[in-house]
Amino acid sequence: MTGEAPAVDHVRGAIMFVVGFALLWLSQRVITPHIAAWLVPSFGPSTGSGLFLRHLLTFSLVTAAISLAAWVAFAHFGWLAPPRPWLGFGPGAIRLGVIAGVALSAFVLIVGVALGERIHVHPDAWSMAGNVFSNYYEELSYRGLLMQAAWAATGSRVAAVVLSSLVFGWSHMHGSHATEMLIGATIAGCVFGALAIRTRSLGGAWVAHQVSDMILDSL
């Protein structure tokens, strides 16, 4: 199997989606905070190399590892297509990812300026380097296990993208702009999901994710 859609079995797909969401919740709300409480004090300030280490080891690594393990297990039992063909870069992934990342950033900037947000350029190389890892971790969880499970549950690529993107948006609801983060992350998730399906890989989604974060996090 080479990255094709998972076989449609709605009951199994629903089970996998629920299990995937439960694992994600358990990892983000229980396991990762405990690991972070143990590791983060040794990283130092949440800037510079300390920020990079947080991205690398405590933001999404555990969630991604658990999601990948679940994906492998489901594939072993024939419930999902194997993850390996999806892990790299499919046809046009880099080109389409760059285009989508720039377009998504432009859209967010236009909306932000229209709403009165101020633009202040402050690029952070450590954050960009950390995102190389944490963004791919997120792609494994959301455009990997969850989207694949939703695709199997519904038999619809559109529904799979929307469902996984809603969970992606939910996971970004924090801080004083939780509602805005929910909406923005859900829209971004739809773009990343569409790219993953278009390129039959997580690579295109990761490139768009990385490009948009590099631009938007610097403003």
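Hi everyone, let's start at one residue and work outwards. Setting aside residues up to four places away in sequence, S212 touches G101, L104, S105, F192 and D217. Please keep in mind that this is a predicted model. S212 sits in helix 8. Is S212 buried or exposed? With a relative accessible area of 3%, S212 is buried, because buried here means under 20%. Its side chain has a partner too: the side chain of S212 reaches the backbone oxygen of A208 at 2.9 Å.

One of those S212 contacts, F192, takes us to the core. In the largest nonpolar core, which has 31 residues, L80 and F192 touch the most other members. Which helices feed into this core with at least two residues each? They are helix 1 (10-39), helix 3 (61-76), helix 4 (93-114), helix 5 (125-154), helix 6 (157-171), helix 7 and helix 8. Helix 5 gives the largest share, eight residues. There is also another core, apart from that one, with six residues, including F52, L56, Y137 and L202. As background, nonpolar side chains in soluble globular proteins tend to be buried together.

Now, helix 5 and helix 7. Their axes come within 11 Å and cross at roughly 70 degrees, so helix 5 is roughly perpendicular to helix 7. Who meets whom at this crossing? From helix 5 we have E139, R143, M147 and W151, and they meet G189, F192, G193, A196 and I197 of helix 7. You will recognise F192 from the core, where F192 and L80 touch the most other members.

On to helix 6, which has 15 residues. From first C-alpha to last, helix 6 reaches 21 Å, close to the 21 Å expected at 1.5 Å a residue. At its start, a side-chain oxygen of S156 comes to within 3.3 Å of the backbone nitrogen of V158. The buried residues of helix 6 are A160, V161, S164, S165, V167, F168, G169 and S171, and what covers them includes helix 1, helix 5, helix 7 and helix 8.

Let me pick out S165 from that list. S165 is buried, with a relative accessible area of 0%. What does the side chain of S165 reach? The backbone nitrogen of C190, at 2.9 Å. Leaving aside neighbours within four places in sequence, S165 is in contact with T186, G189 and C190. G189 also belongs to the helix 7 group that meets helix 5.

Helix 2, residues 48-59, is next. Helix 2 has twelve residues and reaches 15 Å between its first and last C-alpha, close to the 16 Å expected at 1.5 Å a residue. G48, G50, L51, F52, R54, H55, L56 and T58 are buried there, and the buried residues of helix 2 pack against helix 1, helix 3 and helix 5. F52 and L56 are the ones we saw in the six-residue core.

I'll finish with R200. Where is R200? In the loop between helix 7 (178-199) and helix 8 (203-216). The phi of R200 is near 50 degrees, a positive value in a residue other than glycine. R200 is partly exposed, with a relative accessible area of 30%, whereas S212 in helix 8 is buried.

That's my tour, and thanks for listening!

Methods. Residues are numbered from 1 along each chain as its sequence is written. This is a predicted model: local features need pLDDT of at least 70, side-chain atom pairs count only at pLDDT 80 or more; totals for chains, interfaces and linings use all residues. Side-chain values use heavy atoms; hydrogens and water are left out. Helices (H or I, at least four residues) and strands (E, at least two) are DSSP runs, numbered from the N terminus. Buried means under 20% relative accessible area, exposed over 50%, partly exposed in between (1.4 Å probe, protein chains only). A nonpolar core is a set of buried Ala, Val, Leu, Ile, Met, Phe, Trp, Tyr and Cys residues joined through side-chain atoms within 4.5 Å. The expected span of a helix is 1.5 Å times one less than its number of residues. Contact means heavy atoms within 4.5 Å. A polar contact is a pair of N or O atoms within 3.5 Å; within protein, one must be able to donate a hydrogen and the other to accept it, and residues adjacent in sequence count only if both atoms are side-chain atoms. Axes are lines fitted to C-alpha atoms, for helices over the stretch in contact, and angles run from 0 to 180 degrees between N-to-C directions. Angles under 35 degrees count as roughly parallel, over 145 as roughly antiparallel, 65 to 115 as roughly perpendicular and the rest as oblique.
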